[in-house]
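Me: I have a protein model open and I'm new to this. Could you walk me through how to read it?

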Amino acid sequence: MTAHTQSVSTGRRGRRPGTNQTRQAILDAARARFAADGFTATTIRRVAADAEVDASLVMQFFRSKDELFAAVMSVPAEALTRFSSAFEGTDAHLGERVVRAFFEVWEVESSSSKPLMAMLRGAIVNEQANDQLREFLQERLLVDNIASRAVDDPTLRAGIVSSMLVGLIVGRGIVGVATLTEAERETLIALIGPAIQSVLVPLPAAADDDEDDASEAPRT
């Protein structure tokens, strides 16, 4: 074999050994690309280049970018379990536990943070990602957990909490607000935890009513 033939053979992209390994390599590359660039800017060619395979091979596994994106948005079950564990225990410091668990799912663990960031970036321009993100936040992540604490209006509370926390992630991870990106995670948890606490654990209405009754009592 000539040197020229060797160089061509070495540089050629194609099927990696093992179908499962190839598919996983494509998924890993797509997950990172969607999370970094969003749905619109990501192309099959870029994913193929990152995975070091031919673009045609990506299409053999995933027939379209939409199908590839759907596969990428799969969030590991253990991430949901980790977040749900924040709701276990007493009401004391519940807000801080929830914010910390949210950061772990969205920023710390790459197995969950990358598909979630891809989902968040894609939600701006992709209807499927928008539906997936809403379903993930409202149904899988928050509503059931909040309802388990026997509070009123769990769906409304889930919507408020998810909006606050996703807004924080958008500011840090997508918009890049300097004060948020530079802040220590524990600092943000300490600041935001009490606000989340007030939504998840409302003050007893009876105590407020007693104070109002006392203030309105006629003076003798």
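Me: Is Glu-52 buried or exposed?
Reply: Go by relative accessible area: buried means under 20%, exposed over 50%, and partly exposed in between, using a 1.4 Å probe and protein chains only. Glu-52 sits at 52% relative accessibility, so it counts as exposed. Keep in mind that this is a predicted model, where local features need pLDDT of at least 70, side-chain atom pairs count only at pLDDT 80 or more, and totals for chains, interfaces and linings use all residues. Also, residues are numbered from 1 along each chain as its sequence is written, and side-chain values use heavy atoms, with hydrogens and water left out.

Me: Where does Glu-52 lie?
Reply: Look at the helices and strands beside it: these are DSSP runs (H or I, at least four residues, for helices; E, at least two, for strands), numbered from the N terminus. Glu-52 lies in the loop between α3 (44-51) and α4 (55-61).

Me: What about the phi of Glu-52?
Reply: Most residues other than glycine have a negative phi. Glu-52 isn't a glycine, yet its phi is positive, about 60°. Asp-153 is another non-glycine with a positive phi, near 50°. Asp-153 is in the loop between α9 (127-147) and α10, and at 47% relative accessibility it counts as partly exposed.

Me: How many helices and strands does the protein chain have?
Reply: Count the DSSP runs: there are 13 helices and zero strands. Of the 220 residues in the chain, 38% are buried.

Me: How confident is the predictor in the protein chain?
Reply: Check pLDDT, the predictor's confidence in each residue, from 0 to 100. The mean for the chain is 81, and 83% of its residues reach 70 or more. Over residues 1-16, though, pLDDT stays under 50.

Me: How do I read the angle between α2 and α8?
Reply: Fit lines to the C-alpha atoms, for helices over the stretch in contact, and take the angle between N-to-C directions, from 0 to 180 degrees. Under 35 degrees counts as roughly parallel, over 145 as roughly antiparallel, 65 to 115 as roughly perpendicular and the rest as oblique. The axes of α2 (residues 19-41) and α8 (residues 110-122) cross at roughly 30° and come within 8 Å, so these two helices are roughly parallel to each other.

Me: And which helix is roughly perpendicular to α8?
Reply: That's α10 (residues 154-175), which packs against α8 at about 95° with the axes 12 Å apart. The pair is therefore roughly perpendicular.

Me: Which residues meet between α8 and α10?
Reply: Look for contacts, meaning heavy atoms within 4.5 Å. Met-117, Leu-120 and Arg-121 in α8 meet residues in α10, including Val-166 and Ile-169. Met-117 and Arg-121 are also among the α8 residues that meet α2.

Me: What do Ser-112 and Ser-113 touch?
Reply: Leave out residues up to four places away in sequence. Ser-112 then touches Val-75, Pro-76, Ala-79, Glu-104 and Val-105, while Ser-113 touches Val-105, Trp-106 and Glu-107. Ser-112 lies in α8 and is buried, at 1% relative accessibility. Ser-113 lies in α8 too, and is buried with a relative accessible area of 10%.

Me: Where is Ser-85?
Reply: Ser-85 lies in the loop between α6 (77-84) and α7 (94-108). Its relative accessible area is 36%, so Ser-85 is partly exposed.
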